[in-house]
Amino acid sequence: MSGRIPRQFIDDLLVRVDIVDLIDSRVPLKKSGSNFTARCPFHTEKTPSFSVSRGRQIYHCFGCGASGNAIGFLMEFNHLGFVEAVEDLAAFAGVDVPRELIDGESGLPDKKSVAHVYDVLAGVAGFYAEQLRGNSEGRKAVEYLKTRGVSGEVARDFSLGYAPNKWDALVARFDQADLIEAGMLVVRDDGKVYDRFRGRLMFPIRDKRKRVVGFGGRVLDDSLPKYLNSPETAVFSKSKELYGLCELLEKNSKPDRILVVEGYMDVIALAQFGISNAVAALGTATSKAQIDLLFRFTSELVFCFDGDNAGRQAAWKATDAALPCLRDGRQIKIMLLPQGQDPDSLLREENSSVFMERIRNAQVLSDYFFENIVGQLELTTVEGRSQLLAAATPSLEKVPAGFFREMMFARLQELSGSRIAVDVVENQARLKSKFNAGKKGIPSPRISLARKVLGLLLQHPHFASLVEREGVMLDDLSFAGVELLREVLQRIALEKPENSAILLESFRGTSQEKAVKALASLDLDVPAGGEEPEFCGALQQLCKQAKEAMLTRLIEKESREGLMIEEKEVLRKLLRDKA
């Protein structure tokens, strides 16, 4: 069923998951006082300025200003949309994401909903698996697998199947409209339909949540096309999924490295030899989205491609796609196989231990990049060095700021003999200076009373009850930010957030989101245990300032033009209170 994620589920998720555990699984943290620190994953720095608060359940970088809750961290760290980040956070917590009906939806299953498409594809995968095992026609596929050395166990692990060589095998078993929605039928111009896959060995493609999203099919003879993939659908995008990733994660959720190969059978062959950390792109060049996805599970990727022209081109395209993904701490290697070999044939000629040694000794991306970009250029000439700069600079500018980018440009400078203006070191110094300005012993800008009140309230939502206890009348307050204070208090009253992370989440997508995140991350330099008195004191000071401003304004008006009856009463009360 389609629908939105219930807000209550999101709030419960932010309570269930400890942001320290979440971030520490991706960026190792060290205890520092009441918080945890690390070098910021969002910009380059030598001194840790990235802080995570277990009490508030938020993170903040004093260098680049990045801040937010667990959902915001996943969105920024893994380049995810909001829904994807919630799904990943739910997976981290080991719970499923529920959906609620949107106004206008019926409670009945919608055959065109995303959830129903998953159900249809799962049913089709089961049908194909049955045809492989129990259909006389499927014996051809079984024999093919045997000639490739694929065992029944590996075929089962990857849910391999067989599509009967018929035009209507699926139509006879499933609803036609469902099959069209799932991309399993071809619709002709005259409206007639037929099965997309016929007489092929079938490879179900599952996403990281184990759902079948599409299929790849291989012919068992010399007909073309040799491989055929599902079309783009509501649940399937070739550039975002990877064959074998689901099966890999079932074996090892945090592999030391992931091997990226060219085809389905490469993944299967490697699994047959006990190498279960391989995935394959789906008939297209490896994309940035796929690389970012893989880096969510490991810090090292090895691109393994055939040594022919097509393999070398695929390796270069993958390298280019990978450059924007190469933050510090991530590594990519390139492993080109000997001419005429693929993983299956090479494994049979050598053995798995020799093949694993090839993986470990694969060429690092930096060496591969410069080796290929230099090519036949004559670097002893001005023309050759100029061509090198023209070819390499646009690619290297895609690399995120960090030590890797700095060193790649330094290597280019060394090869070209030309000074490259990359201001990374100076930028680091500026950020470090900005961070140090807030440290003890170095004066920091004075925090206004209004910012202190808002900051403490956002960091300790339960302080909202103190406003009424202190007898503060919000209508009497007048200062820059008073409207935001009223909005924060209103949200706390309505939603009763358990921590700052949940309160911040309620402002997502609003015009106040940026200001709220900044205030919630303020270093207020208040001793532990002194937050409540500090909040009450600052609040009373605001009230006093508001009363003094009102008193001054009324006295000036009285001497200038006189006061109305109500204003005189207010003035008498203010003078009485002051006395």
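Q: How do you know that the span of helix α17 is close to what is expected?
A: Helix α17, residues 403–416, has 14 residues and reaches 20 Å from its first C-alpha to its last, close to the 20 Å expected at 1.5 Å a residue. The expected span is 1.5 Å times one less than the number of residues. Helices are DSSP runs of H or I with at least four residues, numbered from the N terminus. This is a predicted model, in which local features need pLDDT of at least 70, side-chain atom pairs count only at pLDDT 80 or more, and totals for chains, interfaces and linings use all residues. Residues are numbered from 1 along each chain as its sequence is written, and side-chain values use heavy atoms, with hydrogens and water left out.

Q: What makes the buried residues of α17 lie on the same side?
A: The buried residues are Arg 405, Met 408, Phe 409, Leu 412 and Ser 416. They cover an arc of only 95° around the axis, so they are on the same side of α17; the arc is taken from the directions from the helix axis to the C-beta atoms.

Q: Why is Cys 536 called buried, and Cys 64 partly exposed?
A: Buried means under 20% relative accessible area, exposed over 50%, and partly exposed in between (1.4 Å probe, protein chains only). Cys 536 has 9%, so Cys 536 is buried; Cys 64 has 34%, so Cys 64 is partly exposed.

Q: Why is Cys 64 not bonded to Cys 61?
A: A disulfide is a pair of cysteine sulfur atoms within 2.5 Å. The closest cysteine sulfur to that of Cys 64 is in Cys 61, at 3.7 Å, which is too far for a bond. The count of disulfides comes to zero.

Methods
Helix = DSSP H or I, 4+ residues; strand = E, 2+ residues; numbered from the N terminus.
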